[in-house]
Amino acid sequence: MPLGAQPRGRRGTVEEPYSPLNLRLALALFGMVVCAILAALLFRAGWTVPGWLLAAWSVAAAADIVVIQLRRRARARDEAGRKHSLFE
């Protein structure tokens with residue numbers, strides 16, 4: 001999987017990107033925090049299986065955050081300092 005600003009051969013352009021990276025980042029951060037908090041609460045309550053499932057989802061969200069950050073850096077290099085709103 002390429003980690004550039006946008007995968008090659010996709011329909012998006014610079015004006016209309018393939019994926020709203022800032023929105024994806026915000027949602028992944030929210031998911032990671034919520035899953036981690038709920039996993040900790042479930043572990044405290046003694047429910048280990050659901051706690052491990054939520055911990056795994058939290059780790060998956062952290063991996064997604066790393067990929068999103070790599071794509072945001074590539075986009076920043078390609079576009080030379082252009083600022084983006086949450087939805088682009």
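In this predicted model, helix α1 (residues 21-45) and helix α2 (residues 48-79) pack with axes that come within 8 Å. The two axes cross at roughly 160 degrees. That angle is over 145 degrees, so α1 runs roughly antiparallel to α2. The crossing of the two helices is left-handed. By residue class, the contact of α1 with α2 holds 20 nonpolar residues, alongside five polar and five charged ones.

These two helices belong to a chain with zero strands. The chain has 88 residues, and 23% of them are buried. Its exposed surface amounts to about 6400 Å². Carbon and sulfur atoms supply 66% of that surface. Contacts in the chain were also sorted by separation in sequence. Among those between residues at least 6 apart, 67% join residues at least 24 apart.

Two residues, one from each helix, illustrate the packing in detail. Isoleucine 68 is found in helix α2. Its relative accessibility is 0%. The cut-off for burial is under 20%, so isoleucine 68 counts as buried. Beyond residues up to four places away in sequence, isoleucine 68 touches Leu21, Arg24, Leu25 and Ala28. Each of these four partners of isoleucine 68 falls within the span of α1, residues 21-45. One of them, leucine 25, lies 43 residues from isoleucine 68 along the chain. The C-alpha atoms of this pair are nevertheless separated by 6.4 Å.

Methionine 32 has its place in helix α1. Its relative accessibility is 23%. Buried residues lie under 20% and exposed ones over 50%, so methionine 32 counts as partly exposed. Leaving aside neighbours within four places in sequence, methionine 32 is in contact with Ser58, Ala61, Ala62 and Ile65. These contacts of methionine 32 fall within the span of α2, residues 48-79. A further distance was computed from methionine 32 to alanine 56. The two residues are 24 apart along the chain, and their C-alpha atoms are separated by 9.8 Å.

Taken together, the two examples show contacts from either side of the helix pair. From α2, isoleucine 68 reaches residues including Leu21 and Ala28. From α1, methionine 32 meets residues including Ser58 and Ile65. Isoleucine 68 is buried, whereas methionine 32 is partly exposed.

Technical notes: Residues are numbered from 1 along each chain as its sequence is written. This is a predicted model: local features need pLDDT of at least 70, side-chain atom pairs count only at pLDDT 80 or more; totals for chains, interfaces and linings use all residues. Side-chain values use heavy atoms; hydrogens and water are left out. Axes are lines fitted to C-alpha atoms, for helices over the stretch in contact, and angles run from 0 to 180 degrees between N-to-C directions. Helices (H or I, at least four residues) and strands (E, at least two) are DSSP runs, numbered from the N terminus. Angles under 35 degrees count as roughly parallel, over 145 as roughly antiparallel, 65 to 115 as roughly perpendicular and the rest as oblique. A crossing is left-handed if the near helix is turned anticlockwise from the far one by less than a right angle, and right-handed if clockwise. Ala, Val, Leu, Ile, Met, Phe, Trp, Tyr, Cys and Pro count as nonpolar, Asp, Glu, Lys and Arg as charged, and the others, Gly among them, as polar. Buried means under 20% relative accessible area, exposed over 50%, partly exposed in between (1.4 Å probe, protein chains only). Contact means heavy atoms within 4.5 Å. Accessible areas come from the Shrake-Rupley method with a 1.4 Å probe; for residues, only the protein chains shown count as cover.
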